[in-house]
Every structure is written in C-alpha cells, then in structure tokens.
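Colleague: I am new to this structure and should like to learn how to read its features. May we begin with the idea of burial?

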Amino acid sequence: MGIFALANGLAQDGRLSPAEHIEWRAGNDWYEAAFTDPTTVDPSIYDRAINPTATAWFKVSATHLTDRLQRYLDILQTHGVACVRVESVNPGRIIYEDTDQVVVVTDTAQVVD
C-alpha cells in the first residue's frame, strides 16, 4: 500500500489530530494540483477487477514531488504505521505513464505489501 493510501486511511478513520488533519489536507490539495491523477485519464486504472495490483510509482526525476513526502512519513510514524521507501528499476508492467509517474501492475506472486 502506498504512502497516500496509508495517510488517507488514517484521515478517513478520524485518527489524525486537528493539526495533522490540516497538514494532510493541505498536502493532498498540493499533490492534486501538482500532478495528473491517472484516474482522470483512465477511470478504470485502479479498478481491482481489471487491475488488481495497480500501483503508482513516482519517477526518480520527480523530485519536486518526492521531496514533499516527509510530512506524510512523519504522520505515519507518529501513528505507528510502518512504511519504507522502495525504489525499483522494474516495478511492473506499465499501464499508465506521464512525466512524473507510472502506474504498474505486477504478477500477484510478486506483490509485497
């Protein structure tokens, strides 16, 4: 599961403090404006019946996006949600790509959560 899904889960469960909620919301708003949501290009991209293992990865070149992830990591750590940064030269079969990211699917035998 990705960093945004983990943080969004905390927010949806009402587990964020008021200050964390403000930071999370501001962060999500910034990211929504900063790069393309793949579902606006292909609404079925994350449909679990079609692409059950679809996962988004930022490209290494998208430092303007990855440099801002630390606050999400801080919130997750505060709430005891373990996560690690993962990089891969071959994260899976690309089903969507733009200048900042790819969405890939993997063989279910390769999926690690």
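Modeller: Certainly. A residue is called buried when its relative accessible area is under 20%, exposed when that area is over 50%, and partly exposed in between. Please keep in mind that the model is a predicted one.

Colleague: Where is Thr 53 found, and is Thr 53 buried or exposed?

Modeller: Thr 53 belongs to the loop that lies between helix H3 (38-41) and strand S1 (55-58). Its relative accessible area is 12%, and because this is under 20%, Thr 53 counts as buried.

Colleague: Which backbone atom lies 2.9 Å from a polar atom of the Thr 53 side chain?

Modeller: That atom is the backbone nitrogen of Thr 106.

Colleague: How should Arg 25 be read by the same cut-offs?

Modeller: Arg 25 sits in helix H2, which covers residues 18-34. With a relative accessible area of 30%, Arg 25 falls between the two limits and is therefore partly exposed. One may also set sequence beside space: Arg 25 and Ala 11 are 14 residues apart in sequence, and their C-alpha atoms are 8.9 Å apart.

Colleague: And Val 41: is Val 41 buried or exposed?

Modeller: Val 41, a residue of helix H3, has a relative accessibility of 53%, which is over 50%, so Val 41 is exposed. If neighbours within four places in sequence are set aside, Val 41 is in contact with Thr 36 and Tyr 96. From Val 41 to Asp 74 the separation is 33 residues in sequence and 31 Å in space, C-alpha to C-alpha.

Colleague: What share of the residues counts as buried in the protein as a whole?

Modeller: The share is 29% of the 113 residues. The accessible surface amounts to about 7,300 Å², and carbon and sulfur atoms account for 54% of that surface.

Colleague: Which helices and strands make up the protein, and in what pattern?

Modeller: The protein has five helices and three strands. Along the sequence they follow the pattern α-α-α-β-α-α-β-β. Among contacts with a separation of 6 or more, 70% join residues 24 or more positions apart.

Colleague: How is the overall size judged?

Modeller: One compares the radius of gyration with that of a compact globule. For 113 residues such a globule would have a radius near 13 Å; the protein has 14 Å, which agrees. The C-alpha trace spans about 40 × 30 × 25 Å along its principal axes.

Colleague: How far apart are the mean positions of the positive and negative charges?

Modeller: The mean positions of the 8 positive and 16 negative charges are 2 Å apart.

Notes. Residues are numbered from 1 along each chain as its sequence is written. This is a predicted model: local features need pLDDT of at least 70, side-chain atom pairs count only at pLDDT 80 or more; totals for chains, interfaces and linings use all residues. Side-chain values use heavy atoms; hydrogens and water are left out. Helices (H or I, at least four residues) and strands (E, at least two) are DSSP runs, numbered from the N terminus. The radius of gyration is taken over C-alpha atoms; the globule rule is 2.2 Å times the number of residues to the power 0.38. Buried means under 20% relative accessible area, exposed over 50%, partly exposed in between (1.4 Å probe, protein chains only). Contact means heavy atoms within 4.5 Å. Accessible areas come from the Shrake-Rupley method with a 1.4 Å probe; for residues, only the protein chains shown count as cover. Lys and Arg count as positive and Asp and Glu as negative; His and the chain ends are not counted. The place of a charge is taken as NZ of Lys, CZ of Arg, CG of Asp or CD of Glu. A polar contact is a pair of N or O atoms within 3.5 Å; within protein, one must be able to donate a hydrogen and the other to accept it, and residues adjacent in sequence count only if both atoms are side-chain atoms.
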